[in-house]
Amino acid sequence: MKTIIILLSIFTSLSAFGHGDDGFKDSDIFKTLGPNDKIAILMVHFGTTHDDTRALTIDAINRKMAKAFPGLELREAYTSRMIMRRLKEKGMVKLNPTEAMDKLIADGYTHLIIQPSNIIEGIEMEALRKEVASYRNKFKDIRLGNALLYSPEDYQATVKAIAASLKGKAKGDCVFVCHGTYHPANSTYGMLDYVMKAQGHKNFHVGTIEGYPTMDDVLRELKANNAKEVTLVPFMFVAGDHAKNDIAGDWKDELEKKGYTVNVILEGLGQNPAIQDLFIGHAKFAATHQREDIIVKKKKYENTDDIN
């Protein structure tokens with residue numbers, strides 16, 4: 001009966017999220033459950049040492065995901081070793097993804113849905129996909145949801161969500177400050193900027209701390225817009241060290257030196273209910289679809305132990 005309730009809950013919501021993405025095939029994980037099988041959902045976060053933003057982002061989406069998948073065990077894992085080490089020093093133990101999956105296996109779980117809170121398909125997602133691939137023969141079925149920005153529809157929905165959340169709060173031009181990466185996925189930020197402006201937000205600009213576009217690129221756009229006032233917004237899941245030090249510190253100081261009036265909205269993307277819903281949508285899509293390359297790989301190696 002619990003499985004039936006879960007299925008009804010998921011199928012009711014899929015119309016908003018389960019658009020037939022190219023490269024995916026219909027494949028319902030719940031239909032593969034046997035009478036003695038157990039299924040869980042694992043939330044994977046980069047993590048944070050800041051209790052305030054953790055409560056508003058990571059803890060909040062964990063609770064919301066649990067409600068979206070009634071009857072499923074929900075667990076979490078962190079990927080940042082530095083953050084896990086610092087938390088352990090304070091008496092808070094967080095498992096990494098492999099430790100969390102090993103614990104689930106030991107507890108008798110046979111089916112697993114994993115949803116990361118990553119923003120882009122960069123280094124973190126690349127590493128997680130490899131870890132999940134190494135566990136495909138250890139679970140009867142294991143699924144991995146996509147990062148926030150995966151399909152063109154994701155970009156469009158994300159921009160609409162953040163634009164709606166800033167109404168009445170942002171002043172002047174908005175600068176969304178991202179982390180940035182040396183990974184080719186850094187191109188995500190250029191597309192994000194393009195989609196923002198394509199949706200009519202000519203006063204929205206994207207910058208990165210460690211990638212491209214740079215602060216100089218942002219300054220050029222602000223000058224072209226004749227901007228006088230700027231609102232800095234972290235484009236990160238949590239508003240932790242980067243938000244409080246780099247954005248509210250370095251970026252704010254530099255812009256003020258250039259003569260701009262600067263406001264800062266210290267809220268992580270994970271605080272936005274609409275963004276939370278997009279991640280939940282990705283998890284629901286993963287529960288009912290599989291990537292075609294994974295299906296082919298499973299068939300090819302179904303009688304072997306090597307599917308990496």
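**Exercise 1. The enclosed space**

Which elements each supply at least two residues of the lining of the largest cavity? Give also the volume of this cavity and describe its lining.

*Solution.* The structure is a predicted model.

Step 1. Establish how many cavities there are. The count comes to one cavity of 30 Å³ or more.

Step 2. Give its volume. The largest cavity holds about 150 Å³ of space.

Step 3. Identify the lining. It comprises 15 residues, and those nearest the centre are Arg143, Leu144, His289, Gln290 and Arg291.

Step 4. Assign the lining to elements. At least two residues come from each of β5 (141-144), α11 (273-288) and β10 (289-291).

Step 5. Classify the residues. The lining of the largest cavity consists of six nonpolar, five polar and four charged residues.

**Exercise 2. The open sheet**

Determine in what order the four strands of the open sheet are arranged, and explain why β7 and β9 each have a side without a neighbour.

*Solution.*

Step 1. Read the strand order. The order is β7-β6-β8-β9, with parallel pairing.

Step 2. Locate the edges. Because β7 (204-208) and β9 (261-264) each have a single partner strand, one side of each has no neighbour in the sheet.

Step 3. Describe the twist. On average, neighbouring strands of this sheet are turned by 25° against each other, direction ignored.

Step 4. Examine one pair. Four bridges join β8 (residues 229-234) to β9 in the parallel sense. Within β9, threonine 261 stands opposite glutamate 229.

Step 5. Add the helices. Helix α9 (residues 215-224) packs on the sheet and touches β6 (173-178), β7 and β8. The direction of α9 makes about 160° with that of β7. Helix α10 (residues 241-257) lies across β6, β7, β8 and β9, and runs at about 160° to β8.

**Exercise 3. Two pockets**

Describe the largest and the second largest pocket by volume, lining and contributing elements.

*Solution.*

Step 1. Begin with the largest pocket. Its space amounts to about 920 Å³. The lining has 31 residues, of which Phe46, Asn118, Glu124, His179 and His242 are the closest to the centre.

Step 2. Name the elements. Two or more residues of this lining come from each of α4 (81-89), α6 (123-133) and α10. Helix α10 is also the one that lies across β6, β7, β8 and β9.

Step 3. Classify the lining of the largest pocket. There are 14 nonpolar, 13 polar and four charged residues.

Step 4. Turn to the second largest pocket. About 270 Å³ of space lies there. Of its 13 lining residues, Thr79, Ser80, Arg81, Glu124 and Glu131 lie nearest the centre.

Step 5. Name the elements again. Two or more residues are given by each of α4, α5 (97-106) and α6. The most come from α6, which gives five residues.

Step 6. Classify the lining of the second largest pocket. It has six nonpolar, four polar and three charged residues.

Step 7. Look for a shared residue. Glu124 is among the residues closest to the centre of the largest pocket and is also among those nearest the centre of the second largest pocket.

**Exercise 4. Three loop residues**

For phenylalanine 30, proline 213 and asparagine 226, state in which loop each lies. Is phenylalanine 30 buried or exposed, and is asparagine 226 buried or exposed?

*Solution.*

Step 1. Place phenylalanine 30. This residue lies in the loop between β1 (24-26) and β2 (39-45).

Step 2. Judge its accessibility. Phenylalanine 30 has a relative accessibility of 4% and therefore counts as buried, the limit being under 20%.

Step 3. Relate it to a distant part of the chain. Phenylalanine 30 and alanine 287 are 257 residues apart in sequence, whereas their C-alpha atoms are 7.6 Å apart in space.

Step 4. Place proline 213. It is found in the loop between β7 and α9. The peptide bond from tyrosine 212 to proline 213 is cis, and its omega is near 5°.

Step 5. Place asparagine 226. The loop between α9 and β8 holds this residue. Its phi is near 55°, a positive value in a residue other than glycine.

Step 6. Judge its accessibility. The relative accessible area of asparagine 226 is 61%, so the residue is exposed, the limit being over 50%.

**Exercise 5. The chain as a whole**

State how many helices and strands the protein chain has, and what share of its residues counts as buried.

*Solution.*

Step 1. Count the elements. The protein chain has 12 helices and 10 strands.

Step 2. State the burial. Of its 308 residues, 51% count as buried.

Step 3. Consider the contacts. Among contacts between residues at least 6 apart in sequence, 79% join residues at least 24 apart.

Methods:
Residues are numbered from 1 along each chain as its sequence is written. This is a predicted model: local features need pLDDT of at least 70, side-chain atom pairs count only at pLDDT 80 or more; totals for chains, interfaces and linings use all residues. Side-chain values use heavy atoms; hydrogens and water are left out. Two strands pair if DSSP finds at least two bridges between them. Axes are lines fitted to C-alpha atoms, for helices over the stretch in contact, and angles run from 0 to 180 degrees between N-to-C directions. Contact means heavy atoms within 4.5 Å. On a 1 Å grid over the protein atoms alone, a cavity is a set of points where a 1.4 Å probe fits but cannot get out, and a pocket is an open set with protein on both sides within 12 Å along at least five of seven lines; lining residues have an atom within 4 Å of a point. Grid points are joined across faces, edges and corners, and a volume is the space filled by probe spheres set on the points. Ala, Val, Leu, Ile, Met, Phe, Trp, Tyr, Cys and Pro count as nonpolar, Asp, Glu, Lys and Arg as charged, and the others, Gly among them, as polar. Buried means under 20% relative accessible area, exposed over 50%, partly exposed in between (1.4 Å probe, protein chains only).
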